[in-house]
Amino acid sequence: MTGQMTMNGKYAISGVGVSPRSRRSEASLIGMGLTAATNAIADARLTAGDIDFILGYQEADSPGPQELATYLGLSECGFYEILSGGTSTETLVAGASALIETGQAKKVLIFRTMKGRSGKRMGGGAGWTDEDWETLLPGGEFLVPQGIFNAGQRVALLAAMHLHEQGLDESVLGGICRTLYDNAQRNPDAMMHGRPLTMDAYLATPYVASPLRLHDYCVETDEANAIIVQATDRARRDDRPSVVVRGVVPKLATAPTFHYNAPDPTAIAGGACSARLYESAGVRPGDFDIASIYDCFSWVLLRQLEAYGLVKGPDLEDFVMSGQLGFDGALPTNTAGGMLSEGYTHGMNNVIEIVRQLRGDYAGTWRQVRCSLGLVTGWAGPSVATGMVLEAR
Amino acid sequence: MSDSTTRTTATDEILEFRRRLAHGQMCLQRCDACRTEHFPPGPACWQCGSQELTWLEMSDGAGVVRSLTVCHSSFMRFADEVPYTVVIGDLTAHPGVRVLARFDAADRPLTIGDHVVLDWSAAEGEVRRYRWRDVQEPDKAR
């Protein structure tokens, strides 16, 4: 337990921006990124010239921050990027805060651009070979030759184990999908807008890797997202609250990294991560009005509900099946539909949605949740987690 | 990925594991300091940090299904093999040690808790070939 990292709202997410979302973008990767960045800069009421540092993440599938800086017209700009998917956004928010705290940057833009559907598809292996997968995955030598490599196959083995050990029926996964698809019906920009999901339709869909069916997988998209981090006092606006970072835990790894040989393989890093997060932010899990929970797969969301202390194990099935993740539930979660039904940028789209909710951007419409404190989680496999507490002030 | 000119997976431990498997030995590692048994093999004990590890031949392949998935869709060369079943099994003789491997098709649906046996007899001369088999199924592979 470190506990000494007290953010206490010194830094804020002052702007968010997106590109159009589709299954096949006509724009280039850098063009999409530029659209998202320009929109985030305008949303923060800044001009491009204010940005002095750019952070990015990618999986060897996109241009980097230096190219974006060029097309934003910045003659000089600090940058770095990480080779990473889920958990990247929170990790880079922590990085941006550290850069500002140490005087190396003032206004940091974080972006992700990907053609996750028409280009390199994560679910399809992004064109990687056996050897690439064996290099990428911890213990890959002992997974890949057996036919286990992509995320769905790896998650399926954990999901089957967890459902069995907790005595949960696999329809609980359908319950998560149904609620998130319901949430997407309020978001015209969601891929699954206009396509609600019934439990019968869920159960009638064949397995991809049992116990996971098609709807348990996130919806791959072409899109770019951007957010801006700066000091809270410089980001204050009269017409809306600031969304401040009350606490953040960047990538936390729990051993062993080849997870199926952990003493309890169903335990996930989110447990240790949330303990650190809640202590540093001074919050309890019952305090949240809204959540953004990483949902590359329905089971990943389910498992985090318990690991982050949001729902007790025996209550999981009732909580999910009674729609508590929906707009009228106890913890509205991934209210834009999440990666399961809105779109997929390895997590940043879920962060953008919770920022908009906390600011009250949807006030007066059926999309608005009354909220002031939100939880963000990240997942990069069972043994890597992030967390962030955002507050409207 | 970005740079696959050097395979980070081809560690000394993996080469040694393969060499032993090619000679018919399915091996794990035991930590000399804390006695924890490890699979897959690695450069150090992740429980206590000791780098003193000793190779240990698995005493037998008896195991129990801890988890399984049936892959109905896959990629690369595995696309032609669907549907295939992969099992994570707890080794009975080595508590805490699990092996993930393909399960060769049985006549009955396999479930968590079923008894299975890890068979590495077909590994000789053809590294990395080990499979879970149904204990109720006569051994037809040899």
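Helices here are DSSP runs of H or I with at least four residues, numbered from the N terminus. The model is predicted.

**Exercise 1.** State what follows helix 1 of chain B, and find which side of the helix is buried.

Step 1. B:Gly24 follows helix 1 of chain B. Its phi is positive, near 85 degrees.

Step 2. List the buried residues of helix 1 (residues 12-22) of chain B: B:Glu13, B:Ile14, B:Phe17, B:Arg18 and B:Leu21.

Step 3. Check their arc around the axis. These residues cover only 135 degrees, so they lie on the same side of helix 1 of chain B.

Step 4. Find their partners. The buried residues pack against strand 1 (27-31) and strand 3 (53-57) of chain B.

**Exercise 2.** Decide how many disulfides the chains hold.

Step 1. Take the cut-off: two cysteine sulfur atoms within 2.5 Å.

Step 2. Test B:Cys45. The closest cysteine sulfur, in B:Cys34, is 3.7 Å away, so it is too far for a bond. B:Cys45 is buried, at 2% relative accessible area.

Step 3. Test B:Cys48. The nearest cysteine sulfur is that of B:Cys31, 3.6 Å away, and B:Cys48 is in no disulfide. B:Cys48 is partly exposed, at 41% relative accessibility.

Step 4. Over all chains the count is zero disulfides.

**Exercise 3.** Classify the crossing of helix 5 and helix 10 of chain A.

Step 1. The axes of helix 5 (residues 151-166) and helix 10 (residues 298-307) of chain A come within 10 Å and cross at roughly 50 degrees.

Step 2. The two helices are therefore oblique to each other.

Step 3. The crossing of helix 5 past helix 10 of chain A is left-handed.

Step 4. Residues in contact include A:Leu158 and A:His162 from helix 5, and A:Trp299 and A:Arg303 from helix 10 of chain A.

Notes: Residues are numbered from 1 along each chain as its sequence is written. Chains are lettered from A and ligands numbered from 1 in the order in which they are written. This is a predicted model: local features need pLDDT of at least 70, side-chain atom pairs count only at pLDDT 80 or more; totals for chains, interfaces and linings use all residues. Side-chain values use heavy atoms; hydrogens and water are left out. Buried means under 20% relative accessible area, exposed over 50%, partly exposed in between (1.4 Å probe, protein chains only). The arc is that of the directions from the helix axis to the C-beta atoms. Contact means heavy atoms within 4.5 Å. Axes are lines fitted to C-alpha atoms, for helices over the stretch in contact, and angles run from 0 to 180 degrees between N-to-C directions. Angles under 35 degrees count as roughly parallel, over 145 as roughly antiparallel, 65 to 115 as roughly perpendicular and the rest as oblique. A crossing is left-handed if the near helix is turned anticlockwise from the far one by less than a right angle, and right-handed if clockwise.
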